[in-house]
Each structure stands twice: as C-alpha cells, then as structure tokens.
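Biologist: Got a minute to walk me through this protein? I'd like the overall picture and then a few residues.

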Amino acid sequence: MYKDLISIIVPVYNVEKYLEKCLNSLVNQTYKNIEIIVVDDGSTDNSGRIADDFALKYDIVKVIHTKNGGVSAARNAGIENANGEYIAFVDSDDWVDENIFEHLHSMIIKGNYGLSACNLLEEFGTETEQLFETAEFNVCDQKELFNLILDTNYVCGYACNKLFRRDIMGELRFDERLTLCEDIDFCARFACKCEASIYTKAPFYHYRQRKDSMTGDFSYNVRKLSVIKAYENIMPIYARYDAEDYCKLERNYLKINLNLKGRMIVSEIDDKETCDMIEDNIKRYYPIVMRNKNISLSDKVNITLTKMFPALLLRIKQFVLSRKRGLKND
C-alpha cells in the first residue's frame, strides 16, 4: 500500500515559532513511506536547530543547511536531494492534516495523473482542528488545470497543496529569480507537461496567514515586483496552451498592478521609474479587461473602484484581514 516513496520538501527560513507544528504534522502522517527533506535556507534564529533535533529523533527527516538563497533555491535543493517517485512541498509556517498524503496518493494512482491537489484552509491566528476523513475527487484535463491554476479555489497556483509525479517533473525547477509567485510560474510550466490531473475540494492543507510574511503585510518593497515578473513569465504559456482563459490572466495581472500601486502610495514610495511602469501596465490592461465579456460585472466594479481609490481599498482590505486575525495574528 505504501510502496511509492513521497519526498516532502520543506524550505525553512527564520520560522522557529511555527516549525515544530509543521514538522509534527508531517512525521505523524498516516501514509508511512515518506521522506521529509528540510532545507534550512540560512536561518539566523533557532529554526536550523529545531530541524536538526527532528532529524535526530526521526529517521525519515533529513536536513540540508544552505546559504540564504530564497524559497525557490531551497525548494530546488530539496528536489535535487529527493528520492521519491512523488514530490510534495510544504511551507514551514503551515501545517497539514495527518491524512493529506494518504488522500493525495490514493487519488493520483487512480489513473495516469500528473498531479493531485487538495483545497487549502486559510488560518488567521487560530488553528482549525477539523479533520476530513473522506474526499470526493474531480478529474481535469490539461486545459482545465490551466484554468484552475488562475483560480482562488481548490487547485490554485500554489505548490504546497499538491503531489507531483517526479517523472513528469523531470528537470523542471523553480525560477530562482522570483521572490514571490514562484509557485504559479512553476505550476504553469508543470501543466505544460501534464495531460490530466485530479483534485479534491477537501481542505487538508492549513495555510497560515501571518502578518509578517511576504504575502501577509500590505507594505511595498522592491521584491514584490516579482509578482509582475511571474505573471509576465506565464503569459506566453497561456497564449499557447489556454488562450480561452487568457482573459483571466489579464484580469489578474491588472489587479496585481493596481495592488502594487496602492502599496506604493500607502508606503510613500518615491520611485518614478517603477510608478511609471505600473501606470503603463494599468493603462494598457484596464480597457482590455473592461471590454472583455467573459470578465464578471463584480470583477469589473471591483477593479474600477480599486483604480479610483487604490490606497483606500488596500487599507480596507488590511482592516478586514486584521479583524479575521482577531487583531492579534499569532
């Protein structure tokens, strides 16, 4: 039953507060043929020591210590040291249900599927303990997979809620130039090689929303331009493989630029070159998105309001999320 080895790669950087919960959720998996590869990406806190303690206690855990190179480099190092027929990625501040890999593996071996995926449950400062014992599944072809990668439900453009077949992955690696949205770039390029996939709507993966994470704050720094680059990377892929859903990519790209504009205003960033680039992107894609009949009216209203009041809408979103976190977040 457990003949297939699953390699679970965990990139780690300064997450001493969360790492033990993450690793405990992995060493206690009901699927027993696993190896857990922890890549300490030059942590300066106690994360490396915590990982080493787990490796001493559990034979299935091995730790790689590297110089800080970012999450893409850490994941790539994990892939290079993985022995499994299947590859999974878990972020070190998240945790998973104890039966996640039992389900993901049982789904992927039902047919000639390149990946299996589950839904994610966003965690805002509290810890959901609901355990899903059953998981209905859905099969999708390559085109639908491209569509679902752009969506915010079930499959999504994350690497962390999926089980990938190693033979299909081949030499594919994460783009180490990207500091954000490297997942969607990787998933889109994997989809090019994947004819069929399978997924469940059951949320076995717990995605912690941290105020201090790269995606959890609403300030601006130059690293966040990586999101623009990641979407520009996948535009030619979608033009070739899923032209019908290219409008969704344009919609998301416009939203990203509007979001970054709001962040720059809120953070009082004075960078004319970047501001001009973002403004040019907005001017180019706003009319394209507004004219497209496949974009919903609610999306168009939201985009128009964000275009008119980018900083205000960002502050409102920040307030709403802070309420979800119970005004404390961890």
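**Chatting through the model**

Modeller: Let's start with one residue: glutamate 268 is exposed, with a relative accessible area of 72%. Here buried means under 20% relative accessible area, exposed over 50%, and partly exposed in between, using a 1.4 Å probe and protein chains only.

Biologist: Where is glutamate 268 placed?

Modeller: Glutamate 268 is in the loop between α9 (246-266) and α10 (272-291). Glutamate 268 also has a positive phi of about 55°, although it is not a glycine.

Biologist: What do most residues do with phi?

Modeller: Most residues other than glycine have a negative phi. Cysteine 181 is another one with a positive value, its phi being near 60°. Cysteine 181 is in the loop between α6 (166-169) and α7 (182-191), and at 27% relative accessibility it counts as partly exposed.

Biologist: Hang on, what kind of model is this?

Modeller: This is a predicted model, where local features need pLDDT of at least 70 and side-chain atom pairs count only at pLDDT 80 or more, while totals for chains, interfaces and linings use all residues. Residues are numbered from 1 along each chain as its sequence is written, and side-chain values use heavy atoms, with hydrogens and water left out.

Biologist: Okay, big picture. How many helices and strands are there?

Modeller: The protein has 12 helices and 9 strands. Those are DSSP runs numbered from the N terminus: helices are H or I with at least four residues, strands are E with at least two. The radius of gyration is 20 Å, close to the 20 Å from the globule rule for 330 residues, so the protein is as compact as a globular protein of that length. That radius is taken over C-alpha atoms, and the rule is 2.2 Å times the number of residues to the power 0.38.

Biologist: What does the C-alpha trace span along its principal axes?

Modeller: About 55 × 45 × 35 Å.

Biologist: And what share of the residues is buried?

Modeller: Of the 330 residues, 53% count as buried. The protein exposes about 15,400 Å², and carbon and sulfur atoms supply 50% of that. Those areas come from the Shrake-Rupley method with a 1.4 Å probe, and for residues only the protein chains shown count as cover.

Biologist: What about contacts between residues far apart in sequence?

Modeller: Take contacts between residues at least 6 apart in sequence: 82% of them join residues at least 24 apart. Contact means heavy atoms within 4.5 Å.

Biologist: Can you show me one example, say leucine 5?

Modeller: Sure. Leucine 5 and glycine 84 are 79 residues apart in sequence, but their C-alpha atoms are 4.6 Å apart in space. Leucine 5 is in the segment before β1 (6-12) and is buried at 18% relative accessible area. Leaving out neighbours within four places in sequence, its contacts include Asn33, Ile34, Gly84 and Tyr86.

Biologist: Switching to strands. Which one holds aspartate 41?

Modeller: Aspartate 41 lies in strand β2 (residues 34-41). Aspartate 41 is buried, with a relative accessible area of 4%. Beyond its neighbours within four places in sequence, aspartate 41 is in contact with residues including Val12, Tyr13, Lys67 and Ala74.

Biologist: And serine 197, buried or exposed?

Modeller: Serine 197 is buried, at 1% relative accessible area. Serine 197 sits in strand β9 (residues 196-208), and among its contacts outside four places in sequence are Tyr113, Asn138 and Leu145.

Biologist: New topic: how many disulfides does a search of the whole structure find?

Modeller: It finds 0 disulfides. A disulfide is a pair of cysteine sulfur atoms within 2.5 Å.

Biologist: Why is there no bond from cysteine 22 to cysteine 160?

Modeller: The sulfur of cysteine 160 is the closest cysteine sulfur to that of cysteine 22, but it is 10 Å away, so it is too far for a bond. Cysteine 22 is buried too, with a relative accessible area of 0%. Cysteine 187 is also in no disulfide, with the sulfur of cysteine 160 nearest at 8.8 Å. Cysteine 187 counts as buried at 3% relative accessibility.

Biologist: Last one: where is cysteine 247, and what does it touch?

Modeller: Cysteine 247 is in helix α9. Not counting residues up to four places away in sequence, cysteine 247 touches Asn292, Asn294 and Ile295. At 10% relative accessibility, cysteine 247 counts as buried.
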